[in-house]
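Thanks for asking me to look this over with you. Please open the sequence and the 3D view side by side, and then we can walk through a few spots together.

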Amino acid sequence: MNTVLLELPRLYTALAEWLACIVYILPLKKQLKGGALFALSGGFLMVQSLFLTLTKDLPIYFWIPCMIAAIGMMFYFIYASCNISLVEAGYFSVRAFVAAEFVASLEWQVHVFIWQGEQAPVWQETLLLILIYGAAFTIIWLLEKRHILDDGKLNIRPRELWSTVFIGAAVFGISNLSFVSTQTPFSGQYAQEILNIRTLVDLGGFAILYAYHIQLNELRIRHELKAVQNILQHQYSQYQQSKESIELINYKYHDLKHQMIALRAEEDAEKRNAYLKKMEDEIKLFEAQNKTGNHVLDTLLASKNIYCIKNGITLTCVADGSLLNDIDVIDICTIFGNGLDNAIEYEQHIEEAEKRLIHVSVFAQKSFIMIRFENYFEGELELDGDLPVTTKTDTLNHGYGLKSIRYSVEKYDGVVNIGKQDNWFELKILIPMKHGRAS
């Protein structure tokens with residue numbers, strides 16, 4: 001066996017590992033940008049090249065520890081560059097390592113096939129390296145970016161990381177088995193045979209990890225869709241329950257009106273008249289507050305207002321509900337139910353009762369329907385993508401209320417915007433009017 005043919009240059013390996021990291025960093029959400037990312041990238045390439053070159057002639061039992069150290073440096077490079085968790089960084093590091101092994105092995109196999117161990121002109125070697133590395137890593141980047149979210153996060157869990165580590169270790173072990181011993185059923189006997197095994201096993205390993213990644217992505221999408229659908233159904237169920245409760249309350253108020261008429265027909269004391277007048281005013285106020293022109297919105301507002309009163313929160317609303325007549329009942333429930341629930345949840349943590357304020361408005365703005373939720377907000381607003389940063393421990397299920405709002409709004413070609421103005425958190429929704437109707 002010609003060991004010279006098998007000796008893949010360490011600088012080629014370092015370059016492959018660096019490019020593999022870059023390929024996975026590009027579609028992920030960055031923590032470093034511009035000059036800082038460029039400096040870290042250059043530093044990693046130099047350190048990785050130096051490390052692999054210096055460890056070239058170490059005894060075989062140092063081989064595995066050196067590979068682990070190389071992967072560790074890839075992990076640091078990805079984690080330091082991107083705004084992702086340690087688990088996600090580990091997941092992408094394993095995938096980058098397997099991709100680097102495959103591309104480096106493929107390039108060297110083509111190199112050996114062309115020159116058969118003879119010394120090749122430097123310019124030709126360099127050209128081949130650029131062509132194969134450039135083509136292979138471009139294809140990998142094009143494949144990967146399709147299955148990574150805009151915010152670059154997949155919410156990888158530890159068990160998924162360990163599955164990836166196991167697959168990566170198995171691929172690395174089998175592809176390099178012939179370098180350790182040729183006396184196994186899975187080892188090659190000749191140089192070209194060993195190169196074939198390494199390249200094909202690495203290709204198979206990359207394909208398995210890519211398929212696993214697609215499966216994880218599909219499972220995440222299904223989980224998110226199910227969660228959003230559950231929220232939609234929950235909000236609609238809440239509306240149905242609220243509708244029944246509000247109807248009951250309205251019946252009671254209607255009965256009270258007749259009782260007051262009967263009482264007024266008698267000779268009553270002034271104080272009783274004043275008390276009854278007060279009750280009648282309160283009924284009128286209740287009726288006026290829940291007459292927006294859309295019965296679904298009226299029901300939701302009445303239900304949420306009752307909850308706010310019980311919890312010391314002031315909810316005010318100025319809404320032209322007739323603007324919502326072309327929007328489906330479930331979507332109205334989703335938008336206003338989740339918008340109010342998010343505001344109420346925050347206000348319940350405000351200690352001073354006079355600061356627990358929520359305001360809802362619905363109005364026409366040119367050819368658009370503007371829906372705005374505002375609630376008193378303390379502190380700085382931090383966004384993770386287009387969602388506020390959560391303080392909850394259940395980050396996997398964070399933000400589905402806002403996601404369901406966005407899902408409903410986008411059905412009408414609308415947009416959702418989140419921001420902060422002074423001490424007010426603002427959730428603004430803009431939906432084009434049907435037929436471009438203006439105010």
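The points below go from the whole chain to single pairs of side chains.

1. **The chain as a whole.** Please keep in mind that this is a predicted model. The protein chain contains 13 helices and 7 strands. Of its 439 residues, 41% are buried. The accessible surface adds up to about 24000 Å², with 60% of that belonging to carbon and sulfur atoms.

2. **Contacts along the sequence.** Take the contacts between residues at least 6 apart in sequence: 73% of them join residues at least 24 apart. The pairs below give you some concrete places to look.

3. **A stacked aromatic pair.** The structure has 11 aromatic pairs. One of them is formed by Tyr346 and Phe377, which are stacked, with 5.0 Å from centre to centre and 25 degrees between the planes. Tyr346 sits in helix H12 (residues 329–347), while Phe377 is in the loop between strands E3 (368–376) and E4 (383–384), so you will need to look 31 residues along the chain. Are these two residues buried or partly exposed? Tyr346 is partly exposed because its relative accessibility is 24%, whereas Phe377, at 10%, counts as buried.

4. **A second partner for Phe377.** Phe377 also pairs with Phe425, and here the rings are tilted: the centres are 6.0 Å apart and the planes differ by 35 degrees. This links the loop between E3 and E4 to strand E7 (residues 424–432), and the two residues are 48 apart in sequence. Phe425 is buried as well, with 13% relative accessibility. Elsewhere, look for Tyr24, Tyr91 and Phe92, which form one aromatic cluster.

5. **A salt bridge across the sequence.** The structure holds 8 salt bridges. In one of them, Asp331 meets Lys411, with the closest N and O atoms 3.1 Å apart. Asp331 belongs to helix H12 and Lys411 to the loop between helix H13 (400–410) and strand E6 (415–421), so this pair ties together parts that are 80 residues apart in sequence. Asp331 is buried, at 2% relative accessible area, but Lys411 is partly exposed at 49%.

6. **Two more salt bridges.** Glu426 and Lys428 form one, the closest N and O atoms being 3.9 Å apart. Glu426 is buried at 13%, and Lys428 is partly exposed at 28%. Which residues are joined into one network by salt bridges that share partners? They are Glu352, Lys355 and Glu378. Between Lys355 and Glu352, the closest N and O atoms are 3.3 Å apart. Lys355 is partly exposed at 24%, and so is Glu352 at 37%.

Terms used:
Residues numbered from 1 in each chain as written. Predicted model: local features only at pLDDT ≥ 70, side-chain atom pairs only at ≥ 80, totals over all residues. Heavy atoms only, no water. Helix = DSSP H or I, 4+ residues; strand = E, 2+ residues; numbered from the N terminus. Buried < 20%, exposed > 50% of the residue type's maximum accessible area, 1.4 Å probe, protein only. Contact = heavy atoms within 4.5 Å. Areas by Shrake-Rupley, 256 points an atom, 1.4 Å probe, with all protein chains shown as cover. Phe/Tyr/Trp six-rings, centres within 6.5 Å; stacked < 30°, edge-to-face > 60°. Salt bridge = Lys/Arg side-chain N within 4 Å of Asp/Glu carboxyl O.
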